[in-house]
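Reader: I keep meeting words like "buried" and "stacked" and I never know where they come from. Could you take me through some of them on a real example?

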Amino acid sequence: MNITKNLLFTTLIALGTLTMYSCKTKKLAAKPAPAPVEKPAPPVEEKKPTPEPEPEKPEPIEKPNFNLDNIQFEFNSFVLKTSSFPILDRAVAEMKKSPNTKFILNGYSSAEGTPEHNMSLSVDRANSVKSYFVNAGLNGNNFTIVGHGDKDPISPNTTEEGRILNRRTEIKVQK
């Protein structure tokens with residue numbers, strides 16, 4: 001039985017090989033070339049004097065806009081909110097226009113927690129923004145980190161909306 005299977009398999013392979021070699025591709029019959037058709041000559045155009053090019057005015061250099069704010073964070077965290085990414089991307093674009101400018105990253109927190117914890121959290125938030133900038137290709141030496149804790153709130157810490165606004169990092173140009 002086993003010999004029969006081997007013989008059958010060998011025969012099938014041999015027939016397949018012969019079939020593949022016996023198929024010849026058909027050659028295309030050569031078509032006669034069409035008779036050449038004369039094209040009429042294009043009309044001759046008179047050359048007009050070319051006006052002198054106007055001297056190019058240099059494009060005005062756009063000054064960077066560093067008035068960026070609203071870099072927000074989650075509660076008790078230095079993880080950036082996704083709503084802050086477009087603001088940070090715009091900040092990166094503006095900072096790349098002036099690569100030698102020095103910046104201060106001021107971190108803040110809301111009033112919940114101990115003053116020591118809030119101070120540590122505000123420094124971590126400023127460092128989080130600095131890491132974003134460095135990962136975007138900016139020089140880390142251009143940034144100074146300052147933590148303010150819950151000092152200098154921009155909104156009262158008595159409401160949740162106010163506390164959300166106080167969890168922030170601000171970018172200032174170093175003078």
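Author: Sure, we'll go through a few labels and check each one against its cut-off. Keep in mind that this is a predicted model.

Reader: Okay, why is phenylalanine 103 called buried?

Author: Its relative accessibility is 2%, and buried means under 20%, so the label fits.

Reader: And what makes phenylalanine 143 and phenylalanine 133 count as buried or exposed?

Author: Again the relative accessible area. Phenylalanine 143 comes out at 7% and phenylalanine 133 at 0%. The cut-off for buried is under 20%, so both count as buried.

Reader: How do you know that phenylalanine 103 and phenylalanine 143 form an aromatic pair, and why is the pair called stacked?

Author: Take the distance first: the centres are 5.8 Å apart, and rings pair if their centres lie within 6.5 Å. Then the angle: 25 degrees between the planes, where under 30 degrees counts as stacked. Phenylalanine 103 sits in strand S2 and phenylalanine 143 in strand S3, so this pair ties together parts that are 40 residues apart in sequence.

Reader: What makes phenylalanine 133 and phenylalanine 143 a stacked pair?

Author: Same recipe. Here the centres are 5.2 Å apart with 25 degrees between the planes, which passes the 6.5 Å and 30 degree limits. This pair links helix H3, home of phenylalanine 133, to strand S3, 10 residues apart. Put the ring pairs together and Phe103, Phe133 and Phe143 are linked into a cluster.

Reader: How do you know that arginine 168 lies over the face of tyrosine 108?

Author: Arginine 168 is 3.8 Å from the ring centre, and the distance limit is 6 Å. There is an angle condition too, within 35 degrees of the ring normal, and the arginine is listed as lying over the face.

Reader: What makes the span of H2 close to the expected one?

Author: H2 has 13 residues and reaches 19 Å from first C-alpha to last. The expected span at 1.5 Å a residue is 18 Å, so by the rule of 1.5 Å times one less than the number of residues H2 is close to expectation.

Reader: Which residues of H2 are buried, and what do they pack against?

Author: Ile87, Leu88, Ala91, Val92, Glu94 and Met95 are buried. The buried residues of H2 pack against S1, S2, H3, S3 and S4.

Reader: Which residues touch the most other members of the largest nonpolar core?

Author: The core has 16 residues, and Ile71, Met95, Leu105, Val129, Phe133, Phe143 and Ile171 touch the most other members. H2 gives the largest share, five residues.

Notes:
Residues numbered from 1 in each chain as written. Predicted model: local features only at pLDDT ≥ 70, side-chain atom pairs only at ≥ 80, totals over all residues. Heavy atoms only, no water. Core = buried A, V, L, I, M, F, W, Y, C linked by side-chain atoms within 4.5 Å. Buried < 20%, exposed > 50% of the residue type's maximum accessible area, 1.4 Å probe, protein only. Helix = DSSP H or I, 4+ residues; strand = E, 2+ residues; numbered from the N terminus. Phe/Tyr/Trp six-rings, centres within 6.5 Å; stacked < 30°, edge-to-face > 60°. Contact = heavy atoms within 4.5 Å.
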